[in-house]
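User: I would like to learn how to read a structure like this one, feature by feature. Where should we begin?

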Amino acid sequence: MAAAIALARRGVGRVWPNPAVGCVIVSGGRVVGRGWTQPGGRPHAEAMALAAAESLSPGAARGATVYVSLEPCAHFGRTPPCADALIAAGVARVVAPMEDPDPRVSGGGFARLRAAGLAVETGLMAAEAASVNAGFLMRQRARRPFLTLKLAATLDGRIATASGESRWITGPAARARVHLLRARNDGVLVGAATARADDPALDIRIPGLQDHAPLRLVIDAALTLPPTLKLAAPSQAAMAWRLHDRNIAGAAADWGEPVAIAPGTDGRLDLHDMMAVLGARGLTRVLCEGGGRLGAALLRAGLVDEMVWFSAGAAIGAEGAPALGPLGLAHLAGAPRFDPVHHERLGKDLMSVWRPRRET
């Protein structure tokens with residue numbers, strides 16, 4: 001199962017709106033087939049593993065045990081149900097950590113396997129499997145993507161000097177990790193102020209991953225961002241969504257794809273509606289890279305599911321730009337609270353991963 005979950009990770013950020021699934025087929029004490037969900041969401045992991053087993057030896061999957069990181073699908077979509085494929089292949093046993101919450105499946109795959117006489121076991125490494133598909137599960141259960149807020153700041157929480165100088169706060173190892181974070185998300189989100197000030201490309205510059213292009217999501221309420229930005233370049237614009245106020249009459253964009261969002265009460269976009277729209281369009285994971293005001297607004301709205309903080313060993317002082325905008329707190333008890341789940345040294349910088357504190 002650990003191997004199946006490791007295979008599933010290969011699809012994270014590349015298979016939306018589908019889950020990232022891994023599959024290992026074992027017969028006679030040896031692996032005869034393995035597979036994972038392919039870019040775009042198909043073929044599915046089980047189909048890939050069964051094809052690998054068949055190419056190794058016709059009928060190699062007959063009587064085998066299948067370890068798959070999520071319940072096999074039981075519905076007809078663009079491909080036939082994986083549960084039926086496993087039954088047709090003659091496998092004897094299926095081990096899966098968890099049920100697929102998609103209402104088209106939701107236990108139906110397990111039921112179909114059991115009805116055909118296969119042994120089905122569930123629960124093994126369920127927490128690890130759920131972590132890999134946190135975005136898919138969030139979209140199924142809350143109808144929105146899983147959102148990671150990334151912040152990179154000095155020891156005193158500053159992201160730029162008073163003059164606006166910000167390159168580079170962190171070193172090359174930390175910046176490379178940010179590119180890896182982008183690769184593990186379906187879309188990367190920034191606000192209009194960050195798009196204007198930093199002119200980011202939001203691409204991936206890691207050898208071997210350059211062809212992976214997450215969506216570029218930019219909040220551009222009035223559709224005023226200029227076509228001179230890197231995001232508007234021909235190689236980028238096709239992958240850019242401009243999230244705008246749906247009340248703009250005759251809204252059109254000279255670059256990128258306009259996506260209408262309900263206005264909020266503060267004159268900005270309604271962030272809950274924004275996340276619902278992104279979920280309805282199939283996104284399961286979104287990485288927010290700025291700016292400070294947007295990060296604070298997402299925190300106030302309770303939409304941050306994970307915070308990744310890159311800390312550089314430097315100090316700028318109170319005159320520098322803060323990593324977060326105003327949260328409007330009157331009392332400390334109202335501060336968003338997070339618990340640490342991972343710490344790592346990256347060159348001369350530190351990376352910490354935090355998840356919202358769940359009161360017990």
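Analyst: We can begin with a single residue: cysteine 23 has a relative accessible area of 0%, so it counts as buried. Keep in mind that this is a predicted model.

User: Which other cysteine counts as buried?

Analyst: Cysteine 288 does, with a relative accessibility of 0%.

User: How many disulfides does a search of the whole structure find?

Analyst: First the general idea: a disulfide is a covalent bond between the sulfur atoms of two cysteines. Here the search finds zero. Cysteine 23 shows how such a pair is ruled out: the closest cysteine sulfur belongs to cysteine 82 and lies 8.4 Å away, which is too far for a bond.

User: Now the whole chain. How many helices and strands does its secondary structure come to?

Analyst: The protein chain has eleven helices and 16 strands. Its radius of gyration is 22 Å, close to the 21 Å from the globule rule for 360 residues, so the chain is as compact as a globular protein of that length. Along the principal axes, the C-alpha atoms fill a box of roughly 70 × 50 × 45 Å. Of the 360 residues, 49% are buried.

User: What do the contacts and the exposed surface of the chain look like?

Analyst: Taking contacts between residues at least 6 apart in sequence, 70% join residues at least 24 apart. The exposed surface is about 16,500 Å², and carbon and sulfur atoms supply 54% of it.

User: Let us turn to sheets. What is the strand order in the open sheet of five strands?

Analyst: A general point helps when looking at any sheet: in a regular strand the side chains alternate between the two faces. In this case the order is β2-β1-β3-β4-β5, with mixed pairing. The edges are β2 (30-36) and β5 (119-122), each paired on one side only. From one strand to the next, the twist averages 15°.

User: Which strands pair in the parallel sense over three bridges?

Analyst: Those are β3 (residues 65-68) and β4 (residues 93-96). Within that pair, valine 66 stands opposite valine 94 in β4.

User: Which helices lie across strands of this sheet?

Analyst: Helix α2 (residues 45-56) lies across β1 (22-27), β2 and β3, at about 140° to β2. Helix α4 (residues 108-115) lies across β4 and β5, at about 150° to β5.

User: And what is the order in the open sheet of nine strands?

Analyst: That order is β11-β10-β9-β8-β12-β6-β13-β16-β15, again with mixed pairing. Its edge strands are β11 (257-261) and β15 (338-346). The twist averages 25° from one strand to the next. Helix α7 (residues 172-183) packs on this sheet, and its direction makes about 165° with that of β13. Helix α10 (residues 271-280) also packs on the sheet, making about 130° with the direction of β11.

User: Why is β13 described as largely enclosed by the rest of the structure?

Analyst: Six of its seven residues are buried, so the strand is largely enclosed. Seven bridges join β6 to β13, and these two run parallel. One of the partnerships is leucine 149 with methionine 307 in β13. Five bridges join β13 to β16, which run antiparallel. There, serine 311 has leucine 350 in β16 as its bridge partner.

User: How many bridges join β8 to β9?

Analyst: Five bridges join β8 (residues 187-191) to β9 (residues 215-219), and the two strands run parallel. Glycine 191 stands opposite isoleucine 219 in β9.

Conventions: Residues numbered from 1 in each chain as written. Predicted model: local features only at pLDDT ≥ 70, side-chain atom pairs only at ≥ 80, totals over all residues. Heavy atoms only, no water. Pairing = 2+ DSSP bridges. Helix = DSSP H or I, 4+ residues; strand = E, 2+ residues; numbered from the N terminus. Axes fitted to C-alpha atoms, helices over the stretch in contact; angles between N-to-C directions. Contact = heavy atoms within 4.5 Å. Buried < 20%, exposed > 50% of the residue type's maximum accessible area, 1.4 Å probe, protein only. Rg over C-alpha atoms; globule rule 2.2 N^0.38 Å. Areas by Shrake-Rupley, 256 points an atom, 1.4 Å probe, with all protein chains shown as cover. Disulfide = S-S within 2.5 Å.
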